[in-house]
Every structure is written in C-alpha cells, then in structure tokens.
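Welcome! Here are some short exercises, each followed by a worked solution, to help you find your way around a new structure.

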Amino acid sequence: MTAVAGTVLCTLALPEPGPARLAAVAELRVMGRIPTVTELQAALREGVDVLCPQLRDRIDVDVLDAGRPRLRAVCTYAVGYDNVDVSAATARGVIVANTPGVLTDATADCAMGLILAAARRLCEGDRRVRQGRFSGWEPEFLLGLDLQDALLGVVGFGRIGQAVARRALGFSMRVAAAEHSSPRPVADELGERVRVMPLPDLLSEADVISLHLPLTAATHHLIDATALRRMKPTAVLINTARGAVVDEAALTVALREGWIAGAGLDVYEDEPRLAPGLVDCDTAVLSPHLGSATVRTRAAMAELCADNAVAALAGRRPRHAVNPEAWASPPPPLIGGR
Ligand code: DGY
C-alpha cells in the first residue's frame, strides 16, 4: 500500500476516478465551491502541495504566493488554462498541468451540434413550438443554411479544430483552416481536403466560422466588429473555445442588426453573465459551456487531472505539464513513484 503523504486541494469535487486516485496517496481536501480569492488564499496557507482548480478559479500571483513555499503544482481540471498565470507559476517553481486530448471528441460534437442548430434554426423553431407559434408547415417558414457544400472556416486547427473538420467533411461541407492557426501537424487524411487561407479571406468566404483557439493576449477579441463585418450576412459564427476570443458586445450588435445570420455559443466573456442584449437575439443558440460535458469525458478529465497531481506528488513532471521548465530540478518525492 502507498503511504499517504502530501496534500491535494480541489476547489470543486472532481468526478470519479479522480477523488479515489488522489485519496489513495494524499490527504484530499475539497472546498466544494468556487472560493473567493481570500478563501482560496486561506486554504492554501494551511499547507497544500498540489492545487486542482476549475476553469472558473483565477490562479494569479496573489493566489500562488499564498501557496508558498509548499505549493509545487497546479493541476487544472480543463484543457484551457487561461485562468492560470503560467509565467508567475514558472517564476515560483510551480508546475502547471492540464487535461488535453480526452475532451477533443466531446467538444467537437458540441461544436457540430451548434453548427447544425444555428444553421437550421432549431432552437428558434423549438421556441416557436413551445410558444404556440407553429401554425403548420409553410414553404418559407424558418429557412436556414444548407450544410452540404457550405464552407466551414476553422480558426484554430489543433486537436479540436481538426476533429470538427472531420465531422464537417462527413456532412459534405468544404473545409478551410485559417493560416498560422495549426499548433500541431495536420492529420494526413485532412491535409489534402482542407484549404489553408488567410483569416480575413476565410472570414469573408466561409458560411460557418468555428473557433478553436486558446485565449491568449493575441486571440483576445480576435473576432471583433471588423471581423464580424467581414462575414457574409448568411454566415454563422460558432464558439466553443473561450468567450473572450469574441467581442461579445460587438457580436450582439451584429446579430441584432443582421450583419450575420446567427451564432452558436457555448462560452461567454464573463461566464455566467452574458453581454447585455445577447439573450434577446433570437438567432443565437446559447449553451451553458457544455463542450466537455459527457459522463465519460468528465471522468477521463478527472483521471488525467489526478494522474498529473500524483506525478507531481511523486516528484515527477506531470505528462501534461504546460511549463515543464518550472522545475529546474524536480522537488523531492512525497509519495512512492509509479
Ligand atoms: C476546457 O477543458 O477548457 C473546457 O472548456 C471544459 O469544457
């Protein structure tokens, strides 16, 4: 049996098998809520070796400093880590790890669902039916966009962007990727079937634009009023990445004034709040950050998050460290390595 040593702090409880894995090797503390900064600082000052936060927790300099000198790793329960100040963590010798790969297909499914729902106006139709405003089939009632032969523009051609491209090809869409937006090699089966275009051209030619970029200083408000003005009035915008990649206030105006035909959004700039007026835009399909929300995916994320934490406790760099350079030399093991 492995000796229990070291302390892991989770803000929200992880799904199994995360807690079982962590509790087998460490003291597991669970706050059970998204804490305020002061609450999180107080919890860290009690002595924590590994923090497992949620994407809603802001892990900034003040939080990292409260963890000193004991905090060795921040293992976030998400693939996106824009909520963590990684350079401050690196400067303090704190390794940051995330959960890539396991949520690719679930997120791509969600994006495809939003593409279908926005293009075919399914949520508008659902509301009409519920409101008793469906008075029977009519030749020009709620007409939408044909996906066959429509051009999907993928902005951010990494794992998830490529998974969406595969699905879209299955729907007989044409697919193009924005230039310079592929952080990893393009899979062989996609290489020949996907055009690469400069972003401004992609915005003006695509029928559907789907965003799959991390949120960074360079991608913040990448889709602003100018970008929205470039899109066709028949086009739809899909965002399953991070809300602030889109200027949500500008998007609200674009939808209200019909610059574009619709949007499918799973993420928002200031979750859970929406930009004023967005909720009144009938052509927007709004889902509550469900990209990875399947039973299997959330369990796989918990497993990866726990594996990252266990590695850090054992003094090994987690497989999914985003700043491996944070540990010039690994800290001493608190538990037996595997
Ligand atoms: C992530 O992991 O970053 C996702 O947004 C969660 O759905």
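**Exercise 1: the second largest pocket**

The second largest pocket holds about 190 Å³ of space. Find which residues line the second largest pocket, and how they divide by character.

*Before you start.* This is a predicted model, in which local features need pLDDT of at least 70 and side-chain atom pairs count only at pLDDT 80 or more, while totals for chains, interfaces and linings use all residues. Residues are numbered from 1 along each chain as its sequence is written, and side-chain values use heavy atoms, with hydrogens and water left out.

*Step 1.* Recall the terms. On a 1 Å grid over the protein atoms alone, a pocket is an open set of points with protein on both sides within 12 Å along at least five of seven lines; a cavity is a set where a 1.4 Å probe fits but cannot get out; lining residues have an atom within 4 Å of a point. Points are joined across faces, edges and corners, and a volume is the space filled by probe spheres set on them.

*Step 2.* List the lining: Arg120, Arg121, Gly125, Phe134, Trp137, Glu138, Pro139, Phe141, Leu142 and Leu143.

*Step 3.* Sort these residues: six are nonpolar, one is polar and three are charged. Here Ala, Val, Leu, Ile, Met, Phe, Trp, Tyr, Cys and Pro count as nonpolar, Asp, Glu, Lys and Arg as charged, and the others, Gly among them, as polar.

**Exercise 2: the largest cavity**

Work out which element gives the largest share of the lining of the largest cavity.

*Step 1.* The structure holds one cavity of 30 Å³ or more, and the largest cavity has a volume of about 50 Å³.

*Step 2.* Its lining includes Ala117, Leu122, Glu124 and Val285. Helix 5 (104-119), helix 6 (122-130) and strand 12 (284-286) each give two or more residues. Helices (H or I, at least four residues) and strands (E, at least two) are DSSP runs, numbered from the N terminus.

*Step 3.* Helix 6 gives the largest share, four residues.

**Exercise 3: the ligand**

Find the polar partners of the ligand's oxygen atoms.

*Step 1.* Among the residues around the ligand (a heavy atom within 4 Å) are Gly80, Arg242 and His289.

*Step 2.* Look for polar contacts, pairs of N or O atoms within 3.5 Å. A polar backbone atom of Gly80 is 2.9 Å from a ligand oxygen. For a polar side-chain atom of Arg242 the distance is 2.7 Å, and for a side-chain N or O atom of His289 it is 2.8 Å.

Definitions and conventions. A polar contact is a pair of N or O atoms within 3.5 Å; within protein, one must be able to donate a hydrogen and the other to accept it, and residues adjacent in sequence count only if both atoms are side-chain atoms.
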